[in-house]
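User: I'd like to learn how to read a few backbone and surface features in a model. Could you walk me through them one at a time?

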Amino acid sequence: MSDARETGRGPVRIGFRTSIVTAVVAAVLVVGLTLVYLSFRRVSSITQMAASTFIDKVGQIGADRIDAQFKNVRDSLEILAGIPAIQEADVADNVRLYALLASMLRNNPQIFNLYVGYEDGSFLEMDVIDRAKPQFRTALNVVPDAVYRVVVIARSGAAAAAPVTLFLSENLTQVAKVAGPHSYDPRQRPWYVDAFKDRKTLLTGPYVFYATGEPGYTLRTPLGEGRRGVVAADLLLNRLEEMLSRQKLGKSGLAFLFNDADRIVGHPEMRELMTERSDALPRIDAIKLPGLSAAIQSWRSDGLAQQFFTDADGRTLVAAFHRIETAGAANIHLAVVAPLDEFFAKIISERRALFAIALGFVIAMLPFAFWLGSLLARSLRELARQTDGIQRFQLADRPRMQSAIDEIDELGRSVFTMRTVVRNFSSFIPQPIVRQLMQSGASLQLGGIRREVTVLFTDVADFTAKTEKADPSQVMIFTSRYFAAMSEAIMKHHGTIDKFIGDAVMALWNAPDEDPDHVVHACEAVLDCIHRNAELNRAFRSEGWPAYGTRFGLHLGDAVVGNVGSAARMSYTALGATINLASRLEGLNKNYGTQVLVSAAVRARAEHRFAFRSVDQIRPKGFADAITVYELCGERGDSELTFCARWEAVYSSIRYAEPAAAALRIADFLVEYPWDCVAQYHAERLRNAAQQPLLDLPVP
């Protein structure tokens, strides 16, 4: 089994539930799929027959809707053509006529403007400013209250005057007035010229409107009575695009308008189709649907509105063609085209429903299959989760897994025992070591490597005196609480508890796991230990137990880390001079009255984050050179830095000034900081041995 795991070519395995569900589904699918296949061809035939009728209905409805849009505009034009003021060209200062035009525009949102042109060049136009693009209003440069623009050109009669453009508000109050346009002549526009070629209502366009600079369509009709002229209305291209977009079917469906010359006169993307040639209508070939032109020719020849054809990708499309009656002599027709598979998604979904019915028996059996599989696999799945949790070192207590099946019940007992053993094992060996062993599957071996480590030693001051007369069980309880607090702080900051030595703790950083910031983390852990120790002491005092005053020694250097001992009993630890010096630094706290002493190596690597001050120089046994000892004062803050700077000036005089001058500096410092034990130590030292060299004798 191990070989298969290592090579990655182990046999494929599936669970109990999967096996049972697969067997049941496979047995029933044979019957179900056979029924589906027999009905598939019949449903496909019905689908195509229904498509022929349905798309014709959709096309007819779409044609009626578009026809109704044009009819509303045509009716409005016929009403205008019958108004005496229009017939007599009474267009200047005709407030009542302007009100009528505004009412028609309000009731016909598809119309951009209404206008009338006369044989003598007279002209009246009213348009809704905001029905064009925002650039139109910007180009007009009018006040925000302007809703309507009225262009009046009166060239004959008593009211003849220079051309003028009026801007009216919503309630038709004049808000602005400008001269012009002076060069506009309606008789030169296509809508005017073409109107007299055929006196029926015709659709002209698309072409670029003078007012907006946008392409659009014009419905126009000549005046039947009165002055010779033409009444017209503009429909912006975007309005017709919106109408056609609403007629499409499915994701790829398309609706467009075309004439007898096989030119497209309306399309949801008309602007893009007219980009290459803005002076002519695009041909039907621009839609790039092979077979569409042939379908149109077939409709014209045999009169059948429904046509089927195939595109370049082999998809079958169905099309319907209908004439727009209101367009009259323009001979405009509506084409609705849609892929058969998208257009008849409803029918295809029914075909899927048939497939679902054929699989009904399979689905009906699934709950039973899942229940049976879950019943057998639930316990195994839970045991797998528990073993995975143990492998990830998640050792929280869980109840023992029990099962009516003997083998599963026995396996549950084994997993429960394994979790308990691993949890207890990690209490005696550093957890990173246990985690590595579980992840690698290797066994513990004697040996070590040389590595830079940060070492911490702690000790409780006067522990024996505080506890020698106390109840041993109480000593164990309170001391265990103390060790728990210290251990949590150390492990929180990536430290490894090496061992407990009586009331002392030895901890390592950068072993066994690598930690690039191990010195900073060690300093953080010491400060956190001090904080937790203070909180714990408050609780101890409230419970009548003496406070534990902890001293710390921290050093950085190379050491040999690994497993020492014998094959039967071994321990993970660190050995070397670095460990010895860290232990001696902890013991020196008693001499100076300090709580945390560190070496120069620690200070050099962590002074960017913490405040340190010099304490003394010592020469421990076994070390050739003197070692400077520092006190960790806390994280870098204004008060800490000020204190340390003040002391460093005093310490400099202790090292290099005359004893009398140094004693005076210490006295001044103690006036400001009377509680400082380091200053008191050096003051006493100078008093007792004024002539003695400042470098200490070897430290035992």
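**Reading backbone and surface features**

Analyst: Happy to! Let's begin with a place to look: Pro 512 sits in the loop that runs between strand S16 (504–509) and helix H17 (518–542). Keep in mind that this model is predicted.

User: What is the peptide bond from Ala 511 to Pro 512 like, cis or trans?

Analyst: Omega is the angle to read here. For the bond from Ala 511 to Pro 512 omega is near 0°, and the bond is cis.

User: Which residues does the cis bond with omega of about 5° join?

Analyst: That one links Gly 180 and Pro 181. Pro 181 belongs to the loop between strand S5 (174–179) and helix H6 (190–193).

User: Let's turn to phi. What is the sign of phi at Ala 89?

Analyst: Phi is positive there, about 60°, although Ala 89 is not a glycine. You will find Ala 89 in the loop between helix H3 (84–87) and helix H4 (95–107).

User: And is Ala 89 buried or exposed?

Analyst: For this we read the relative accessible area, where buried means under 20% and exposed means over 50%. Ala 89 has a value of 18%, so it counts as buried.

User: What about phi of Asp 462?

Analyst: Asp 462, also a residue other than glycine, has a positive phi near 55°. Its loop lies between strand S14 (447–460) and helix H15 (463–467). With a relative accessible area of 54%, Asp 462 is exposed.

User: How should I read a contact between parts of the chain, say for Gly 224 and Ala 81?

Analyst: Set the separation in sequence beside the separation in space. Gly 224 and Ala 81 are 143 residues apart along the chain, while their C-alpha atoms are separated by 7.3 Å. Gly 224 is part of the loop between strand S7 (215–222) and strand S8 (229–236). Its relative accessible area is 64%, so Gly 224 is exposed.

User: Last one: which residues form a nonpolar patch on the surface?

Analyst: The patch is made of Val 560, Val 564 and Leu 575, which together have about 210 Å² of accessible area. Val 564 is found in strand S17 (residues 550–565).

User: How does Val 564 rate, buried, partly exposed or exposed?

Analyst: Partly exposed covers the range between the two cut-offs we used for Ala 89. Val 564 has a relative accessible area of 32%, so it is partly exposed.

Notes. Residues are numbered from 1 along each chain as its sequence is written. This is a predicted model: local features need pLDDT of at least 70, side-chain atom pairs count only at pLDDT 80 or more; totals for chains, interfaces and linings use all residues. Side-chain values use heavy atoms; hydrogens and water are left out. Helices (H or I, at least four residues) and strands (E, at least two) are DSSP runs, numbered from the N terminus. Buried means under 20% relative accessible area, exposed over 50%, partly exposed in between (1.4 Å probe, protein chains only). Patches are made of residues with over 30% relative accessible area and no salt bridge: like charges are joined within 9 Å, nonpolar side chains (Val, Leu, Ile, Met, Phe, Trp, Tyr) within 5 Å. Accessible areas come from the Shrake-Rupley method with a 1.4 Å probe; for residues, only the protein chains shown count as cover. A salt bridge is a side-chain nitrogen of Lys or Arg within 4 Å of a carboxyl oxygen of Asp or Glu.
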